[in-house]
Amino acid sequence: MTSQGTPEQGGGFASDGLGSPVAAFDGSKSGASRNTLLGAGAGALVTVPPLTVGLTGGVPPLILLGGIGAALTALFTVRSLLRLRSEGAHRVGLHERGLIHHVGDRAEQVLWTDVHELTVFGQTIVLNGAAVGGVSGCYLQRSDGHKVILTSHHLAGVERLVPQVVTAVTEAQFPPALDRIRGGGQVAFGDVHMDEEGLVSSGRRLVWSHLGSVDVEQGKVTVRDGAGGRWLRKDVILFPNLPLFLTLVGLHTPR
């Protein structure tokens, strides 16, 4: 087994155009199974009470509602566990100019310069008001539309993998994005656009001289104007290429 976060010797990671291997990250089926079972537990907490009340009180609508919920939870759990068994182990080979994502015998390649959208995400599983697990990772969408998903659901060491991916992709995206802006064009981040004058979203413009601050907290991106007013608030997972946005907007944020 390849140790997490270390260059792999052999193992089929090498590929033309990606450069030398940098690190390798193995699959984590135990983590995937754990999160699947936690999801099943959450489903049971929602469906069992109405089913129990319906059965003991003879209330047909509650019996029907609880029965449907229980059936869907069981279907989700079995389907997820069977998929984990059939699709094979996930592993990622990180290279100088990109990565290879292996799923069993299949492999998908991404060049940093070919990443059209990068989205970082995190999702917490809550049971009885307490966080008991979660899934984190990132999406990489290539210019041909193919999306590669790297998550802690299938990979160990994602907390080390994602920062390296973010840094490499942002370094590749920054020069052409800055050239486009300086050339009079726009760079789009979903429904937020950036140009030489500032930011535009939903028909509203915030010029650079009126920019106050940009913060990322609790899964939200908040842009404030110079007076402290909130100009934009958006979920991180709905903000494509957020690391590039933060790098570019940092050129105009008051020091």
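The following exchange concerns a three-stranded sheet and the residue Asp195 in a predicted model.

Visitor: Why is Asp195 called buried?

Guide: Its relative accessible area is 10%. Buried means under 20%, so Asp195 is classed as buried. The residue lies in the loop between β9 (192–194) and β10 (198–201).

Visitor: What makes the pair Asp195 and Arg205 a polar contact?

Guide: Their side chains are joined at 2.8 Å. The cut-off for a pair of N or O atoms is within 3.5 Å, and therefore the pair qualifies as a polar contact.

Visitor: Which residues does Asp195 touch, not counting those up to four places away in sequence?

Guide: Asp195 touches Ile181, Gly185, Gln186, Arg205 and Trp208. Arg205 is thus both a contact and the partner in the polar contact.

Visitor: How do you know that β12 and β13 pair?

Guide: Six bridges join β12 to β13 (residues 220–225). Pairing requires at least two bridges, so these strands count as paired. They run antiparallel, and Leu211 stands opposite Asp225 in β13.

Visitor: What makes β12 and β14 edge strands?

Guide: The open sheet has the order β12-β13-β14, with antiparallel pairing. β12 (211–217) and β14 (230–235) each pair on one side only. Neighbouring strands of this sheet are turned by 10° against each other on average, direction ignored.

Visitor: Which helix packs on the sheet, and which strands does the helix touch?

Guide: Helix α4 (residues 242–249) packs there, touching β12 and β13. The direction of α4 makes about 150° with that of β12.

Notes:
Residues numbered from 1 in each chain as written. Predicted model: local features only at pLDDT ≥ 70, side-chain atom pairs only at ≥ 80, totals over all residues. Heavy atoms only, no water. Helix = DSSP H or I, 4+ residues; strand = E, 2+ residues; numbered from the N terminus. Axes fitted to C-alpha atoms, helices over the stretch in contact; angles between N-to-C directions. Contact = heavy atoms within 4.5 Å. Buried < 20%, exposed > 50% of the residue type's maximum accessible area, 1.4 Å probe, protein only. Polar contact = N/O pair within 3.5 Å; in protein donor to acceptor, adjacent residues only side chain to side chain.
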